Each structure stands twice: as structure tokens, then as C-alpha cells.
Amino acid sequence: MTSAPRFDTIEVTVEGARGALTLDRGDKLNPLSSHTLHEIEVAARWLDTHDDLTVVVVSGRGRAFSAGADVSAFGGGAPADGRSPRDDADRGWRMARAMDELRAVTIARIQGWCVGGGLVLAAVCDLRVAAAGARFSIPEVELGIPLAWGGIPRLVREIGPALTKELVMTCREFGPEEAKAAGFLNRVVADDQLDDAVEELAASLARMPKLALLATKAHTNAVTEAMVATGRSWSDADGLLAGLRDPDGRRSADAYLRRVRGGKRGDG
């Protein structure tokens, strides 16, 4: 097994053809802070240096896949390390691009909450398997910010424009069966069968001839990028920062966060 560079909020490993990227703040439901987004970007680039790698399982430790973006980390002035607020807000888009460009096939293993930015991370993966008890939501609009990180074009590609508009604009929660019917999930399994189902899928992919497998991923991605290009989302960070300065949006966000924090769920 090859150990990755040292990370603070994720764990990344490679063993032959198999890799794993695990969000490692389970006690906080794996929020996606600016620092975590940068670590995922670095990890994706590091994973791509392994020529034998064909499959990477992306998961969250503990009770949730990811509670979403840590919105408190964005727009609060210049970051401590000297980055500009826009550079900070752009980290989610760069993370998603790095995951997009990973040659290996990625499988999202989804349990518990998959919220906002966490759902975008799952959408970036090639295949998605969810437990029956998983729950999804995209609360960004209620938080006063547009869905960023290339989330809109990715959802339009996966589930179509009408359902993307409904789920993003209403911010309503939805379950794995609806997500599967919409085309977002490949499989839904009982909670206690999630690990076995992901292992079966990963092992099946790892047995395939690497050239044909990865060429199929690259070909499919090229077709979908031509259909709805995620590169058009380069200005997502500007919309995010504008939303964080909107008084009406801030009032809505305050009300939302007061409501959900009692349940210890995610921010966005």
C-alpha cells in the first residue's frame, strides 16, 4: 500500500489498481471547508500519478457522506494564508475539475446526508452507490448563494434541466430512490449492504482491461462535456461571493442555519 502525502481532513491510499479517498471528519459530518477542498484537489492530482490505478472509492467516514460546504469559511475577508476571498471561493471549482480529470474510475459511496457541496462531490464521481437511508438536499439558494463548483451543468447532465431547477430552487430534501429514478444514482442498497455493494462494483471494474476501461470513461466524459460544458462555470466563485454580500440572502441563511444546526446537519 502506498501512503499519500500528509493530509489533515482526508485519508487517501493506493494499493495496486485500487485507491480510496475518504473524508475524515466524521464527527462533524465531513464538511467541505476551503482547506478540505484544497486537500481533495491535491489528492486527486497525486492519485493520477499512479499508472496502475483504475478504481478509486470516494467516501465519508462516520454517519454521513458529507454535510456540505462550510459556508462560514467563505467571504469573511481575506483568508489567513493571504489568499484573496475569490481564490478561496474558487477552491470548490478547482477541486471538481481535479476530480473530473482523474483518469481512474471513481465510485461515490453514499450514506447518511449528502448535502450541497457534498452532492457536487458525488456528482463529480463516475458512479454512485447509496444506502437506502441516505438523504440528499441542495440548500444553497436558501443560504442566499447560487449552487457553485460546476454543480449546475453536472446536475443538468445527470438529471436534466427541469429537475435540476426544481431541486436547486426549492432546496427540498429527497431520497435515494428518487435520485436513482432521476438517473443520479447507479444503485441503492440496504444500509448494511453498502460496503459489499461498493466492493463488488470496485472489484468488477478493477478486473477489467485498463486501457479499454479508462478509454470508455474518457470517451463518455468527452461526449458529456460537449453536451453541457462544466468549463462555463469558471465564474461560479463570483456568484458565490455576490450571494454572500446580499442582505436578503444573509437573512435567509441565518434562518436556515438556526433551523438545521439543532439537528447537527450540514451548512450547504
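This passage walks through a few corners of a predicted model, moving from a buried helix to aromatic rings, salt bridges and some unusual backbone angles.

A good place to start is helix α5, which covers residues 151-159. Several of its residues are tucked away from the surface: Gly151, Pro153, Arg154, Leu155 and Ile159 are buried. These buried residues pack against four other helices, namely α3 (91-100), α4 (117-124), α6 and α10. Right after α5 comes Gly160, with a positive phi near 90°.

Arg154 deserves a closer look. This arginine sits in helix α5 and has a relative accessible area of just 2%, so Arg154 counts as buried. What does a buried arginine do with its side chain? Here, the side chain of Arg154 makes a polar contact with the side chain of Asp100, at 2.3 Å. A polar atom of the Arg154 side chain also lies 3.3 Å from the backbone oxygen of Gly150. Leaving aside residues up to four places away in sequence, Arg154 touches Ala96, Arg97, Asp100, Ala123, Val124, Trp149 and Thr230.

Asp236 belongs to helix α10, which spans residues 236-244. Asp236 is buried as well, yet has no salt bridge. Which side chain of opposite charge is nearest to Asp236? That turns out to be Arg154, 6.7 Å away; a salt bridge requires the nitrogen and oxygen to be within 4 Å. The side chain of Asp236 does reach a backbone atom, though: the nitrogen of Trp149, at 3.0 Å. Its neighbours form a run along the chain, since Asp236 touches Leu147, Ala148, Trp149, Gly150 and Gly151, not counting residues up to four places away in sequence. Trp149 therefore turns up on both contact lists, that of Arg154 and that of Asp236.

Next, the aromatic rings. The model has 2 aromatic pairs. In one of them, Phe136 and Phe174 are stacked, with 5.4 Å from centre to centre and 15° between the planes. Phe136 is in strand β10 (residues 135-137) while Phe174 is in the loop between α6 (161-170) and α7 (176-181), so this pair ties together parts of the chain that are 38 residues apart in sequence. Both rings are hidden: Phe136 has 0% relative accessibility and counts as buried, and Phe174 is buried at 6%. Phe136 also pairs with Phe184, this time edge-to-face, with 6.3 Å between the centres and 85° between the planes. That link, too, joins distant parts of the chain, as Phe184 is in the loop between α7 and β11 (187-189), 48 residues from Phe136. Phe184 is buried, just like Phe136. Put together, Phe136, Phe174 and Phe184 make one aromatic cluster. There is a charged visitor as well: Arg128 lies over the face of Phe184, 4.4 Å from the ring centre.

On to the salt bridges, of which the structure holds 19. One of them joins the side chains of Arg45 and Glu101, at 2.6 Å from N to O. Arg45 is in helix α1 (residues 34-47) and Glu101 is in the loop between α3 and β7 (105-110), so the bridge ties together parts 56 residues apart in sequence. Both partners are partly exposed, Arg45 at 39% relative accessibility and Glu101 at 40%. Another bridge connects Arg94 with Asp90, whose closest N and O atoms are 3.7 Å apart. In that pair Arg94 is partly exposed at 24%, whereas Asp90 is buried at 10%. Arg172 and Glu166 meet in a further salt bridge at 2.9 Å, with Arg172 partly exposed at 27% and Glu166 partly exposed at 35%. Finally, Glu11, Asp24 and Arg61 are linked in a network of salt bridges.

Some backbone angles round things off. Leu29 is not a glycine, but its phi is positive, about 65°. Leu29 is placed in the loop between β3 (18-23) and β4 (31-32) and is buried, with a relative accessible area of 4%. Cys171 also has a positive phi, near 65°, without being a glycine. Cys171 is in the loop between α6 and α7 and counts as buried at 11% relative accessibility. Asp27 is in the loop between β3 and β4, and at 67% relative accessibility Asp27 counts as exposed.

How values were computed:
Residues numbered from 1 in each chain as written. Predicted model: local features only at pLDDT ≥ 70, side-chain atom pairs only at ≥ 80, totals over all residues. Heavy atoms only, no water. Helix = DSSP H or I, 4+ residues; strand = E, 2+ residues; numbered from the N terminus. Buried < 20%, exposed > 50% of the residue type's maximum accessible area, 1.4 Å probe, protein only. Lys, Arg positive; Asp, Glu negative; His and termini not counted. Polar contact = N/O pair within 3.5 Å; in protein donor to acceptor, adjacent residues only side chain to side chain. Contact = heavy atoms within 4.5 Å. Phe/Tyr/Trp six-rings, centres within 6.5 Å; stacked < 30°, edge-to-face > 60°. Lys NZ or Arg CZ within 6 Å of the ring centre and 35° of its normal.
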